[in-house]
Every structure is written in C-alpha cells, then in structure tokens.
Amino acid sequence: MDGARIGHFVDGARIDGTSGRHGDVFDPATGRRTGIVALADAADVAVAVEAAGRAARSWRDASLARRTAVLFAFRELVHARRDRLAEVITAEHGKVLADAAGEVQRGLEVIEYACGIASALRGRFSENVSTGVDSYSLRQPLGVVAVISPFNFPVMVPLWFVPVAVACGNAVVLKPSEKDPGAALLLAEWFVEAGLPAGVLNVVNGDAEAVDVLLDHPDVRAVSFVGSTPVARHVHRRATLTGKRVQALGGAKNHLVVLPDADLDLAADAAVNAGFGSAGERCMAISALVAVEPVADALVARIAARMTGLRTGDGRRGCDMGPLVTAAHLARVRGYVEAGVAAGAVPVVDGRDVVPDGDPGGFWLGPTLFDRVTPDMSIYTDEIFGPVLGVVRVDSYDEAVALVNANPYGNGTAVFTNDGGAARRFQHEVEVGMVGINVPIPVPMAYYSFGGWKASLFGDLHAHGEDGVRFFTRGKVVTSRWPDPRHGGVNLGFPTQT
C-alpha cells in the first residue's frame, strides 16, 4: 500500500495497533492518497484506556504547580511550531494556510487559559457554619475522559478540551477524525516533550467502531464530542446509558440578519468571510443570510461582486479558499447545489463552474450564492457544511427573529445594524447560544465557553472556559470539626445551627 502509515499514540509512544483495519488519508488539493491510517478496534481502545487509567492515578496527585509548568512548556512548543501544524492541517484537510494558522491561534488561546488552572480550581471556605464547624468545597478530576473531535478543526477542537482536562488532573483518550489524524499525533508527542507523563494523553485513530467502544467502556468517565447533530445525539444517548458525563456539540444552521440600517459594505464583507472561510466546513459558518427589506437587492449585488475576486485553489498557493475534505463530501455538497437550483432558488454565483488554481484531481467547489431561498428548501433546512450561502428575504425584524428561532439548530447567529436598541433586543430575544453584533462568527474567547442551544448541544456544559473546568471536575464539600481541648463531653442531641 502506498502512503505513510499512521498509527496510534499510547503510553507515550506511537504504536501500530492490532486491528488490521485501515483507512485512507488524502491531500484534498490533489485527490491523491498520502497516508494509511490504522482504525482501532475494541482491543486497541482498551489498551489506550488502560494506559490512561494507570496514568490518571498518579497525575491526579500532581501539584498544580507541576501541571501548570507542563501547560506553559506545551504552549511554547505549539507556538514555536505553529507553522508546522498549519502545514499538516492544510495537507490533510485542505483549508488554506492562513486559515490553518488562525485555527492554531484559537487553540493556543485555550492552552493559555489552561495555564491559569490554579485560579480556576480554587474552592471556597466558610468558617463556623455551626459552632466549631467549618465547611469548604473543592473540585477533583474525574479520571479517564474521552475526546472525539471532527475533521474540520483537527487542532482547534482537540485543544478546546485536552488542555483543560489535563490541567484539571485527568487522563485523556483522544479520537481524532480518521480523515486528518496527523495533527493530533503531533500534539500528543509535543505534550510528552513538554513534560506530560506517558499515558496522560493517548490518541487512538478510528471510525464509528472506536467511538462506540469509548462510549461503552466502563473506565471512561466523560465524553466530549464535536460533530454532526445525528452523531452528537447518538453519543449523548449511548454514553449517558453507562452513567458518563457528556458534552456533545452538534451541527448548526447559522443566520446572519441584516437590518435596513446596517452598513451594507460591512455586512457583505462579513457574509463572504463567514460563508466561505474554510470552504464553509465549520459549525460557525454563516449559511443563511436573512435580508430585511428593502436591502436584499443591494446586499446580494455587493456579495456577488466580492465573490468574483475570490481565488479557489491549493491552500499552499496563497489562494482564498481551498477544496472540500473528501470526494464523498464534495459529491454531497454539489448535490445540495443541484437541489437548490431544482427547487427554484436563484444561483447568483454557481461554484460548480469554478476553475481552481490547483490540481484537477482536487475536491473543488467554488463559493456559491443563492438568492430567493425559502425555508422549505433543503439548502435552508439542512446543514450543508460547504461553501454555499443562501439569502432569505423577509419584510421585518420580527419576521427575521421568528425565522431564526423556528430553526431546530441554535449554535451561532449574528445581526448587522447601526441601531443599538435593535441589537440589544435581538440578543435578548434570539434563541441561540452564541450571538454576534456586527461580528459574523461570534466564537468566544477561551475564558468564556463555546456551545449552542437546541439541536446544537446535547448535555449541559459547554466547551472550555468555566464550563470546561466544571465538566472535567466534580465538586466535593467537606464539613470539618476539630475537637477543642476544652470539649465538654457527650451530647446525643440533634445537631443545631447554634
């Protein structure tokens, strides 16, 4: 078989695994196979979980000072080698180098947040809750946790979870996407280089079989997942059946609402950036633009004009947008474009006509803009996960908010307006977890938490920030009394608050 062989990372070293099953890794810009990745079975997963379990017993007792030192050292390694990570992302996922570098930067922000874990893990103390009795709270690690990450952010999403989990004293089994596994293995090696003990972070590559084994394994205490809504729902249901704590982040259909008073040039720039960055393969991409009349004609014209200057091609050539991740995904997204045309939406810019700056064997689809999309069309109802932006025309602010709130997803949304009162009303009324005001992709900083509402999240706690610390720890309250030498003898009465 041609292509580099890609195995797992367990107990501080790369291993091949024993399943005998393999998958292909492609360079999306050429369509050529570049790697052969091992797909774990139950035995492979069990080896990784066992290694994590051994490491967790000692790592939980590591001082906060030691954990913090490891996180700081890891941060320096990632920062120094960020270009290497970006190159791996582009080679396996296809996004352009600038976009890949931005992904690494957002991951670094979470590492930096985890470096301050000592403050995040502080408990509380109350003296004399009763006479001579004190109460205090503390947070302790869970043990072994699993992180299951998607193909679209092979660095950023693992870094949403792993640094926080490790800083809190847990051991991790990371299952990256089998489509682009290279970056996860590098991160694991660099963590060990930074001083993380072997076994605290393990990487098992695999498909649905490996995922289900992790969901069922009795020694895995919690699962963090990012992916499509159907799989997120499956992860949540199956893992909670065995008593696991679960945060499963699902899909999205993100709206950008443009009010009549908005700066249309600013809104058009935002729509292009948020709709076509990373070829639309991100859960925070804007895929539905809601134009409140009478601005639709002017706005569509501005967006179309900007799209003509976009260069689609190999991400290593300075292009604006790269290919889709696989041939199968390309076929799926092209199918949605064809369905939109058949349903009567107006293809203002048809990405099927793109002439890419890249190998003809690449998985190419250019930026696509539909006008006069209606809420019954599949290009509106479904998460396409590609460079397809649909414009829905409405007559009022109320109609726009009702449209957003009727959608089953609730991940991210944005409003563009120069009216502060309208913006404040929108952020209050819209039923979505992350809201941007003149910001098209409102991904929060690491010290806040990332997560949506409705069918975009299964579980109660969001990723990173304070929610991340709560997710990877459990609370304990201690009530303590140390006998005073002047203790007056036995008292069998019921304790009272005196």
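Okay, let's start with the empty space: the largest pocket here has a volume of about 720 Å³. Of the 31 residues lining that pocket, Phe151, Lys179, Gly227, Ser228 and Val231 are the closest to its centre.

Quick housekeeping. This is a predicted model, so local features need pLDDT of at least 70 and side-chain atom pairs count only at pLDDT 80 or more, while totals for chains, interfaces and linings use all residues. Residues are numbered from 1 along each chain as its sequence is written, and side-chain values use heavy atoms, with hydrogens and water left out.

What do I mean by a pocket? We work on a 1 Å grid over the protein atoms alone: a pocket is an open set of points with protein on both sides within 12 Å along at least five of seven lines, a cavity is a set where a 1.4 Å probe fits but cannot get out, and lining residues have an atom within 4 Å of a point. Points are joined across faces, edges and corners, and a volume is the space filled by probe spheres set on them.

Back to the pocket. Which elements give two or more residues to its lining? Those are helix H8 (208-216), strand E11 (220-226), helix H9 (229-241) and helix H12 (327-343). The largest share, 4 residues, comes from H12. Those labels are DSSP runs numbered from the N terminus, with helices (H or I) of at least four residues and strands (E) of at least two. By class, the pocket lining has 13 nonpolar, 10 polar and 8 charged residues. For that, Ala, Val, Leu, Ile, Met, Phe, Trp, Tyr, Cys and Pro are nonpolar, Asp, Glu, Lys and Arg are charged, and the others, Gly among them, are polar.

Now the closed spaces. The count comes to 3 cavities of 30 Å³ or more. The largest cavity has a volume of about 100 Å³, and of its 15 lining residues Gly280, Ala285, Ser287, Glu383 and Phe385 are the closest to its centre. That lining splits into 7 nonpolar, 5 polar and 3 charged residues.

The second largest cavity has a volume of about 50 Å³. Its lining includes Arg106, Glu109, Met156, Trp160 and His464. Helix H4 (97-114) and helix H6 (156-167) each give two or more residues to that lining, and H4 has the largest share, 3 residues. By class, the second largest cavity has 7 nonpolar, 1 polar and 2 charged residues in its lining.

On to the rings. There are 8 aromatic pairs, meaning rings of Phe, Tyr and Trp (its six-membered ring) with centres within 6.5 Å; planes under 30 degrees apart are stacked, over 60 edge-to-face, and the rest tilted. Phe125 and Tyr136 are stacked, 5.7 Å centre to centre with 15 degrees between the planes. That pair links distant parts of the chain, with Phe125 in strand E6 (residues 125-130) and Tyr136 in strand E7 (residues 133-141), 11 residues apart.

Are those two buried or exposed? Phe125 counts as exposed because its relative accessibility is 52%, and Tyr136 is partly exposed at 29%. The cut-offs are under 20% relative accessible area for buried and over 50% for exposed, with partly exposed in between (1.4 Å probe, protein chains only).

Trp160, which I mentioned as a cavity-lining residue, is linked by ring pairs with Phe161 and Phe450 into a cluster.

Last topic, the sheets. Strands pair if DSSP finds at least two bridges between them. One open sheet has 7 strands in the order E15-E16-E17-E14-E13-E19-E20, with mixed pairing. Strand E15 (346-349) and strand E20 (434-437) are at the edges with a single partner strand each, so one side of each has no neighbour in the sheet. Inside this sheet, strand E14 (residues 286-292) and strand E17 (residues 388-394) run parallel and are joined by 5 bridges. Ala288 stands opposite Gly390 in E17.

There's also an open sheet of 3 strands, in the order E1-E5-E4, again with mixed pairing. Its edge strands, E1 (4-6) and E4 (22-27), each pair on one side only. E4 and strand E5 (residues 32-38) run antiparallel, joined by 6 bridges, and His22 has Ala38 as its bridge partner in E5.
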